[in-house]
Structure formats: C-alpha cells, structure tokens
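Me: I've got a structure here and I'd like a close look at just one part of it, the helix that sits in the middle of the packing. Could you walk me through that part and then whatever connects to it?

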Amino acid sequence: MKNQTLRDAVIRELIRMAMKAREQSYCPYSRFAVGAALLLGDGRIVTGCNIENAAYSPGNCAERTAIFKAVSEGNREFSAIAVVGGPAGKDPSSVCTPCGMCRQVLMEFCHPETFTIICAKDPETYQLYSLEEMLPAGFGPASLTVEMQVEDET
Ligand SMILES: [Zn+2]
C-alpha cells in the first residue's frame, strides 16, 4: 500500500461511491461507463461520471467531472480519487486507470507524492498509485514557477 494514511474503510467507501456514480454514466458511443469519487481535504466526497457527446470531442471523463465539480464549488484540496470503469450495464472485469488528460488535470490540484489514485474493479479489488507514479515528472503549477524564477534572474 502506497498511502498508509488512507484507511481501508475510506478506500472502500470511495469505490462504492464511484460505482454508484458510474450508474449515471452517459456513454452511448463507447459503451464504457466510468464513475469516480474524489476525496476532499476535509473528508467530503464529490463524484462524477463520464459524459459523452455526439460530436465526440466535447465528452468528459468521470475523473474530470468530479474534479471540475469540486473546483467549481470552491474546493482546492484533494486527498484521493477512486475510479471504476467497464462495459456499460456490466460489472467491470478489471481495474480502470485514469487517461492521460485526467492525470494532467489532477497534477494541477493534487500533490504528486501524497495524492492517491485508487484504480478499482470493486470494493475488494483495487490498486493504489500515487499521482507521481501515474504521471512521472509531470508538468504542473510548480513547473511554471521554476520557469518564472529562471526568467527573473536574467
Ligand atoms: Zn480521463
């Protein structure tokens, strides 16, 4: 286990909420339903599902739906996210990992070493990763700060 501060009960609750959010998935094109549950710094949980679109590009992943919901409501501190996905109308057959775009969005708001990504199949079957493991050497807000400091010195 990568993050000892996340209790098993919290992990299982996040997975259960991601599974519940998955039921709201709007995925008529991929038929791949995904749910996510984001744990805020204060212990509250915000969920999301994937939302597809006839024009394809405007679709949004479950993870980003949850993050954007939370950020739009004034939240900026996040501890973990659970992701559950698989063929619509069926139980997932394996754990689901976030796409690259969602990893990048997580990088904007979450600490790479302490934020935990719970890739789950069900409450008993999951894998834990830090954001750093999912997005090694990721580009985030601190990267811009470094660039500006270099610029200031010239
Ligand atoms: Zn994604």
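Reply: Sure, let's take helix 2, and keep in mind that the model is predicted. Helix 2 runs over 62–72, and it's mostly covered: eight of its 11 residues are buried. The buried ones are Ala62, Glu63, Arg64, Thr65, Ala66, Ile67, Ala70 and Val71. What do they pack against? Strand 1, strand 2, strand 3 and helix 3.

That packing leads to the largest nonpolar core, which has 24 residues. The members that touch the most others are Leu38, Phe78, Ile81, Leu106, Phe115, Ile117 and Leu131. Two or more residues each come from strand 1 (32–40), helix 2, strand 3 (78–87), helix 3 (100–109), strand 4 (116–122) and helix 4 (131–134). Helix 2 gives the largest share of this core, five residues. As a background note, nonpolar side chains in soluble globular proteins tend to be buried together.

Ile81 is a handy place to see the contacts. Leaving out residues up to four places away in sequence, Ile81 touches Ala36, Ala37, Leu38, Glu63, Leu106, Phe115, Thr116, Ile117 and Ile118. Glu63 in that list is one of the buried residues of helix 2. Besides the main core there's a second, separate one of 13 residues, including Ile15, Leu39, Ala82 and Ile118.

Now for the two ends of the helix. Ahead of helix 2 there's a loop that comes from strand 2 (45–49), and Ile51 is in that loop. Ile51 is partly exposed because its relative accessible area is 39%, between the 20% and 50% cut-offs. Together with Tyr26, Tyr29 and Tyr56, Ile51 makes a nonpolar surface patch of about 440 Å². After helix 2 comes Gly74, with a positive phi near 95°.

For comparison, a couple of residues other than glycine have a positive phi too. Most residues of that kind have a negative phi. Arg31 has a phi near 55° and lies in the loop between helix 1 (8–22) and strand 1; at 48% relative accessibility, Arg31 counts as partly exposed. Ala137 has a positive phi of about 55° and is found in the loop between helix 4 and helix 5 (141–153), where it is exposed, with a relative accessible area of 73%.

Then there's the zinc ion. Its protein donors are the SG atoms of Cys61, Cys99 and Cys102, lying 2.2 to 2.3 Å from the ion. Along the chain the donors follow the spacing C-x37-C-x2-C. How covered are Cys99 and Cys102? Cys99 is partly exposed, with a relative accessible area of 32%, whereas Cys102 is at 0% and so counts as buried.

Finally, the charged pairs: a search of the whole structure finds four salt bridges. Among them, Asp42 pairs with Arg44, with the closest N and O atoms 2.9 Å apart. Asp42 is exposed, at 52% relative accessible area, and Arg44 is partly exposed, at 45%. Lys20 and Glu23 meet in another (3.7 Å, N to O), and both of these residues are exposed. Asp122 pairs with Lys121 at 3.5 Å between the closest N and O atoms, and Lys121 is partly exposed, at 26%.

Methods:
Residues are numbered from 1 along each chain as its sequence is written. This is a predicted model: local features need pLDDT of at least 70, side-chain atom pairs count only at pLDDT 80 or more; totals for chains, interfaces and linings use all residues. Side-chain values use heavy atoms; hydrogens and water are left out. Patches are made of residues with over 30% relative accessible area and no salt bridge: like charges are joined within 9 Å, nonpolar side chains (Val, Leu, Ile, Met, Phe, Trp, Tyr) within 5 Å. Accessible areas come from the Shrake-Rupley method with a 1.4 Å probe; for residues, only the protein chains shown count as cover. A salt bridge is a side-chain nitrogen of Lys or Arg within 4 Å of a carboxyl oxygen of Asp or Glu. Helices (H or I, at least four residues) and strands (E, at least two) are DSSP runs, numbered from the N terminus. Buried means under 20% relative accessible area, exposed over 50%, partly exposed in between (1.4 Å probe, protein chains only). Donors are N, O and S atoms within 2.8 Å of the metal (3.2 Å for Na, K and Ca); water is not among the atoms, so sites may look incomplete. A nonpolar core is a set of buried Ala, Val, Leu, Ile, Met, Phe, Trp, Tyr and Cys residues joined through side-chain atoms within 4.5 Å. Contact means heavy atoms within 4.5 Å.
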